[in-house]
Amino acid sequence: MPKINLCFLWHMHQPFYKDLVTGEYRLPWSRLHGLKDYYGMVKILEEFPKIHQTFNLVPSLVLQIQEYAAGKASDPFLNLALKPAEELETAEKEFILRYFFQANEERQIRRYPRYAELFRVLEQCQQVAGRALSLFDTQMLRDLQVLSQLAWMDEEYLEKDPQIRDLVKRGRNYSGEDQALVGRKQLEALRKVVQVYRDFAKRGQIEVSTTPFYHPILPLLCDSNIGAVSHPYLSLPAQFSYPGDAEEQLA
């Protein structure tokens, strides 16, 4: 039978979520995916030593993970996950109810009975945070704060870290100390992300490629009108042409 040489290129990227004026990260996705996908997809290769993979790492993603790992990054989602539930203000409670269920319902929310139970309460209110607010007491909010973070932890931590495993086993009635523990464990996990790529690249089981720093589409950066070559009827903005920026990104 004919054979084909096939390479899967796993593209690990996130936009740069940091607000350069305030220093705060606007969205949590680099952190959350760092806890789950970016680490676990490499680490699992230990179980398959004959499998070789290629990972493309976007520099803006790597920088964000490094800043979180060093304790230099914060985002409103993490801040509210760690804030004592009894100190939450009304607007903060609404924020938590609106955004802390942003996870795959089948694979992340339903995996944890208490998380699914809390989600059903929100569903009863047509997923409108303001309507559900009066139904969530302090303990329910704290359980949501903890479980919304555990749901993004990689299997490596859920199965092998005894403290995380204990949180999962208990499943509910978490304390302020449990919230703080989840915060510390996230930092521990994020410190391992970049290193796992170094380790597997050194042993030759993965190759690492990269892109310009902020992940621009270089031909469009050089001349936005190039979009009309492949799409002649494409509606384009006023011409944007900064090839010098493209050179700087590559550098």
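A salt bridge is a side-chain nitrogen of Lys or Arg within 4 Å of a carboxyl oxygen of Asp or Glu. Lys160 and Glu156 fit that description, with their side chains meeting at 3.6 Å, N to O. Both belong to helix α10, which covers residues 155–160, and because they are four residues apart there, about one helical turn separates them. Lys160 itself counts as exposed, at 55% relative accessibility. It's worth saying right away that the model is a predicted one.

Stepping back, the protein chain has 251 residues, and 42% of them count as buried. Its secondary structure comes to 16 helices and three strands. As for overall dimensions, the C-alpha trace spans about 55 × 50 × 40 Å along its principal axes. Take the contacts between residues at least 6 apart in sequence: 70% of these join residues at least 24 apart. The accessible surface of the chain adds up to about 14,500 Å², and carbon and sulfur atoms own 54% of that.

Then there are the charges. The chain carries 30 positive and 33 negative side chains, and the centres of these two sets lie 5 Å apart. Salt bridges number 19 in the structure. Besides the Lys160 pair, one of them brings together the side chains of Glu92 and Lys83, at 2.8 Å from N to O. Glu92 has a relative accessible area of 18%, so it falls under the 20% cut-off and counts as buried. Lys83, at 21%, ends up on the other side of that cut-off and is therefore partly exposed.

Another salt bridge pairs Asp143 with Arg114, whose closest N and O atoms are 2.8 Å apart. This pair ties together distant parts of the chain: Asp143 sits in helix α9 (residues 138–150) and Arg114 in helix α7 (residues 113–124), with their positions 29 residues apart in the count. Both Asp143 and Arg114 are buried. The story doesn't stop with two residues, either. Salt bridges with shared partners join Arg114, Glu117, Asp143 and Arg172 into one network.

Away from the charges, the surface also has a nonpolar patch. Ile4, Leu6, Phe8 and Trp10 make it up, and together they have about 480 Å² of accessible area. Ile4 lies in the segment that comes before strand β1, residues 9–12. With a relative accessibility of 70%, Ile4 is over the 50% cut-off and so counts as exposed.

Finally, a look at the backbone turns up a couple of oddities. Most residues other than glycine have a negative phi. Gln126 goes the other way: it is not a glycine, yet its phi is positive, at about 55 degrees. Gln126 is found in the loop between α7 and α8, the latter being residues 129–132. At 54% relative accessibility, Gln126 counts as exposed. His215 is another such case, a non-glycine residue with a positive phi of about 65 degrees. The loop that holds His215 runs between β3 (206–210) and α14 (218–222). His215 has a relative accessible area of 30%, which makes this residue partly exposed.

Terms used
Residues numbered from 1 in each chain as written. Predicted model: local features only at pLDDT ≥ 70, side-chain atom pairs only at ≥ 80, totals over all residues. Heavy atoms only, no water. Buried < 20%, exposed > 50% of the residue type's maximum accessible area, 1.4 Å probe, protein only. Helix = DSSP H or I, 4+ residues; strand = E, 2+ residues; numbered from the N terminus. Patch = residues over 30% accessible without salt bridge, like charges linked within 9 Å, V, L, I, M, F, W, Y side chains within 5 Å. Areas by Shrake-Rupley, 256 points an atom, 1.4 Å probe, with all protein chains shown as cover. Contact = heavy atoms within 4.5 Å. Lys, Arg positive; Asp, Glu negative; His and termini not counted. Charge placed at Lys NZ, Arg CZ, Asp CG, Glu CD.
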